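Please open the structure in your viewer and keep the selection tool at hand. The tour moves from one selection to the next, and each stop says what is there.

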Amino acid sequence: MSLEPNTHDFEASLARSTQRSREIEAQVAKDPSKWRVLTGDRPTGHLHIGHYFGSLQNRVRLAGLGIDTMVLIADYQVITDRDGVGPIKERVYSLLTDYIAAGIDPEKVTIFTHSAVAALNQLMLPLLSLVTDAELRRNPTVKAELDDTGDRPMSGLMLTYPVHQAADILFCKANLVPVGKDQLPHLEQARVIARRFDERYGRFDPDAPVFPEPEALLSASGTILGLDGTKMSKSKGNTIELRMTADETAKLIKRAVTDSDRHITFDPENRPEVSNLINIAALCLDRDPVEIATEIGDGGGGGLKKLVTAAVNDYFAPHRARRAELEADPGYLHDLLAAGNAKANEIAEATLHEVRVAMQMDY
Ligand code: TRP
């Protein structure tokens with residue numbers, strides 16, 4: 001089957017979103033009070049340095065600008081493409097710990113899980129009535145994720161999780177969603193759902209819709225590859241996890257793939273593995289990758305790995321120290337999540353009430 005028409009649509013939508021993201025950044029800087037951010041992660045593993053530079057830093061920055069921010073640990077989304085939940089509790093707490101260690105302020109930011117917010121999940125029901133199965137079946141991200149699972153049949157949840165994700169965003173009326181480009185189809189679906197709800201049940205007042213249309217804030221995700229030169233993946237074991245010790249990090253980097261040219265250059269096109277390692281060092285050292293490569297020169301793969309190991313371990317030492325402190329106080333983490341879930345429930349119940357009023361189901 002040809003993907004071309006979709007690919008074309010996708011390129012156009014990516015270009016639009018990139019341009020729009022720039023405009024939003026300018027507006028946010030002027031008036032952060034107009035925005036509510038909702039972002040989230042699936043607890044399918046532990047967070048790694050790709051998450052850190054790709055999304056955690058950005059969340060800290062947005063919340064630091066004074067934007068009202070909600071972070072979802074999307075536990076129900078774990079079971080879209082696999083049979084069991086895995087060590088879910090450990091993973092949920094691992095994510096929470098990394099959020100706080102990275103500088104997300106739990107006093108200001110609401111961190112919560114799907115499964116604890118009944119009203120959010122109930123919202124999915126009316127929202128499902130607003131989409132067609134053809135629409136769901138052509139979502140390119142869902143297709144790609146299903147392909148990644150091999151021969152798995154499409155489950156009902158896999159097909160409809162973009163609607164659940166729309167509920168994640170709409171329950172708290174978030175109008176800004178920082179995402180990588182793979183999430184753009186989901187964002188577009190959420191926008192369509194918001195619009196259709198108001199067309200069908202809304203107050204027909206464009207200035208006071210039940211749901212605002214959320215906008216994507218594109219983040220530069222995917223700039224770091226795994227240590228084997230392929231896409232970073234929680235399940236491939238090719239990532240430097242934030243929770244790793246300095247020793248574990250050193251061992252992992254020692255095994256990283258390089259190439260046979262001893263002279264180190266920064267050349268992402270022709271030397272993706274070597275350039276990726278240089279990139280990781282550049283992010284940690286806040287330095288220019290070309291300069292780093294020149295400095296290593298004939299030091300070869302060994303010299304490069306030594307520099308990257310030191311850079312990563314120095315940069316993440318404070319994060320890892322905060323992480324260890326937090327892990328030593330599970331009661332504190334538990335209370336944080338309980339407070340976040342209570343706040344999310346309050347918001348979800350208020351929105352569900354509005355939805356029931358709009359649908360004349362407020363008996
Ligand atoms: N699907 C997202 C991912 O895989 C996680 C997610 C769930 C999410 N709900 C969300 C992201 C709502 C943004 C908004 O990364």
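Begin by selecting Arg-323 and Asp-98, whose side chains meet in a salt bridge with 2.8 Å from N to O; the term salt bridge is used here for a side-chain nitrogen of Lys or Arg within 4 Å of a carboxyl oxygen of Asp or Glu. This is a predicted model, in which local features need pLDDT of at least 70 and side-chain atom pairs count only at pLDDT 80 or more, while totals for chains, interfaces and linings use all residues. Residues are numbered from 1 along each chain as its sequence is written, and side-chain values use heavy atoms, with hydrogens and water left out.

Next, colour the two domains separately: domain 1 covers 7-222 + 330-358 and domain 2 covers 234-327, with bounds that come from an automatic or database domain assignment. Their C-alpha centres lie 31 Å apart.

Now select the residues where the domains meet, and you should find 22 residues of domain 1 in contact with 16 residues of domain 2, where contact means heavy atoms within 4.5 Å. The two domains bury about 1,800 Å² between them, 67% of it on carbon and sulfur atoms; buried area is the accessible area, taken with a 1.4 Å probe, that two parts lose on being put together, summed over both. Highlight Ile-49, Phe-53 and Ala-101, because these three supply 34% of the area that domain 1 buries against domain 2, more than any other three residues.

Which elements give two or more residues to the side of domain 1 that touches domain 2? They are α2 (49-64), α3 (88-102) and α13 (330-358), where helices (H or I, at least four residues) and strands (E, at least two) are DSSP runs numbered from the N terminus. Of these, α3 gives the most, with 7 residues.

Follow α13 from end to end: this helix has 29 residues and reaches 42 Å from its first C-alpha to its last, close to the 42 Å expected at 1.5 Å a residue, the expected span being 1.5 Å times one less than the number of residues. Just after α13, select Gln-360, which takes a positive phi of about 60°.

For the last stop, turn to another of the 22 salt bridges that the structure holds, and select Arg-42 and Asp-81, whose side chains meet at 3.2 Å, N to O. Arg-42 lies in the loop between β1 (36-41) and α2, and Asp-81 in the loop between β2 (68-73) and α3, so the pair ties together parts that are 39 residues apart in sequence.
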